[in-house]
Amino acid sequence: MKSADTFSRKRITLLGATGSIGDSTLDVIARHPHRFTLVAAAARSQWKKLADIALRFRPEAVALHDANAARCLADFLKNEGVSTEVFSGEKGVNRMAEWPSADTVVAAITGGVGLSPTAAAARAGKRIVLANKEALVMGGAWFMRLAREHGATLLPIDSEHNAIFQCLPRTKTEGVIGERAAGVKKILLTASGGPFLHWDHARLKTATPEQAVNHPVWKMGRKISVDSATMMNKGLEVIEAHWLFGMPRDAIEVVIHPQSIVHSMVEYEDGSTLAQLGTPDMRTPIAQALAFPHRVDAGVSALTVEKMATLTFLPPDFDRFLCLKLAFHALTLANGAAVVLNAANECAVDAFLSRKIAFLDIAEVINATLNAVASPAPNTLEETLALDALARSKAIRTIEHLTAKK
Ligand code: MG
């Protein structure tokens, strides 16, 4: 008899264990103890939360980027008699990404700091369940090449890219390979439009951090919530889709869909459009990727007719949401432009959240940085990180200049 026996147990490393994707991933793992085992986990500094995870799931190893927090965690686990090994620093986090007994790595560290461990997982030939956008936005060509050369598999869980993955024809290899599928004309990335969808320019000028992080549909971290308000999140996703699915800029379209029920669509040459629909809950894409090619319960309630009764779609307004325009523009420049765009955006969002600059200044900082930094295509992790650092220093100078003008 086959059936359930064909499902091989997945041994999972979770990078970004204490964030919101981490929470959702642990929820899915806990629902299927016979299918999924957490063998390693990493986070930045929240040692108490990681201690709870270690007590609950008993992984072989955990790591914290922050060395002091790692010491607290190690002492605590020793007192509790838990045998989980504790590592620290960037090296410790990278070690979790390569952990020998894990076959699957959930890459859910937000921001540029997630690039190095995600690259480590690729180099170790893991099955990478990818939430971290920066690996593709910053790594682009070399990251895809690294994954291919080491036999790593990419399974996207950013909800839009997971939807596209589900709507594309199945490839011979397990995951996404960075090549355009035959017969695919276009991919349509849906966007909720964020909290400021209907705000005019004058009102956008006055937008506060509290208003920006108050997303109408998704509950997410602060940085990604601001990215959603500026629509830079969609911009980064356009670049991510370009690399994952091998689609040129002109074959990627953004569609505003405020209900966030249709998670994205694929348009084929024959006039068919396939869409993936679902209740907006990250556990669905996470469960789809973890169990692929099987399907398991994600704890998510199905769509009702009422929820599907009113689905609306409209084109994005590039004049009000300049960050989205800048991201499309970056794809017309050398590959390094996406590194610069991302670095400048991270600095600008930080400055906005700490009230140093206004909401509309975010796009201004990114534009100024793109104009100031030459961006040849980086070929390695080291070249990418050097360009990232240069872009950050330029962006910070622009922010200081804007702050002084106030
Ligand atoms: Mg998304």
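This report covers the metal site, one helix, one pocket and several salt bridges of a predicted model.

**Metal site**

A magnesium ion sits between three carboxylate residues. Its donors come from D158 (OD), E160 (OE) and E237 (OE), at 2.1 to 2.2 Å. Along the chain they follow the spacing D-x1-E-x76-E. E160 lies in helix α7 (residues 159-167) and E237 in helix α11 (residues 232-245), so the pair ties together parts that are 77 residues apart in sequence. E160 has a relative accessibility of 9%, so it counts as buried, the cut-off being under 20%. E237 is buried too, at 1%.

The three donors also take part in salt bridges. Bridges with shared partners join K133, D158, E160, K234 and E237 into one network.

**Helix α7**

The helix that carries E160 is mostly covered, with 8 of its 9 residues buried. The buried residues are S159, E160, H161, N162, A163, I164, F165 and C167. What lies over them? The cover includes the strands β7 (153-156), β8 (184-191), β10 (262-268) and β11 (273-277). Helices α11 and α12 (283-291) are also among the covering elements.

**Second largest pocket**

The second largest pocket has a volume of about 300 Å³. Its lining counts 22 residues. Those nearest the centre are F165, L168, P169, R170 and T171. Two elements, α7 and α11, each give two or more residues to this lining. These helices also hold E160 and E237, respectively. By class, the lining has 11 nonpolar, 6 polar and 5 charged residues.

**S228**

S228 is placed in helix α10 (residues 222-230). With a relative accessible area of 9%, S228 is buried. Which residues does S228 touch, leaving aside neighbours within four places in sequence? Its contacts are S192, G193, G194, H215, M220 and N233.

**Salt bridges**

The whole structure holds 18 salt bridges. Three of them are listed here.

| Pair | Closest N to O distance |
|---|---|
| R127 and E174 | 3.2 Å |
| E346 and R392 | 3.0 Å |
| D388 and R392 | 2.9 Å |

The R127 and E174 bridge links distant parts of the chain. R127 belongs to strand β6 (residues 127-130), while E174 lies in the loop between α7 and β8, 47 residues apart. Is each partner buried or exposed? R127 is buried, at a relative accessible area of 7%. E174 is partly exposed, at 31%.

R392 appears in two of the listed bridges, with E346 and with D388. E346 lies in helix α15 (residues 336-353) and R392 in helix α17 (residues 381-405), so their bridge ties together parts that are 46 residues apart in sequence. The bridge to D388 stays inside one helix. Both D388 and R392 lie in α17, 4 residues apart, about one turn of the helix.

Accessibility differs among these three residues. E346 is buried, with a relative accessible area of 14%. D388 is also buried, at 10%. R392 reaches 23% and is partly exposed.

Note on methods
Residues numbered from 1 in each chain as written. Predicted model: local features only at pLDDT ≥ 70, side-chain atom pairs only at ≥ 80, totals over all residues. Heavy atoms only, no water. Donors = N, O, S within 2.8 Å, 3.2 Å for Na, K, Ca; no water. Buried < 20%, exposed > 50% of the residue type's maximum accessible area, 1.4 Å probe, protein only. 1 Å grid on protein atoms, 1.4 Å probe; cavity = no way out; pocket = protein on both sides within 12 Å on 5 of 7 lines; lining within 4 Å. Points joined across faces, edges and corners; volume = space filled by probe spheres on them. Nonpolar A, V, L, I, M, F, W, Y, C, P; charged D, E, K, R; others polar. Contact = heavy atoms within 4.5 Å. Salt bridge = Lys/Arg side-chain N within 4 Å of Asp/Glu carboxyl O.
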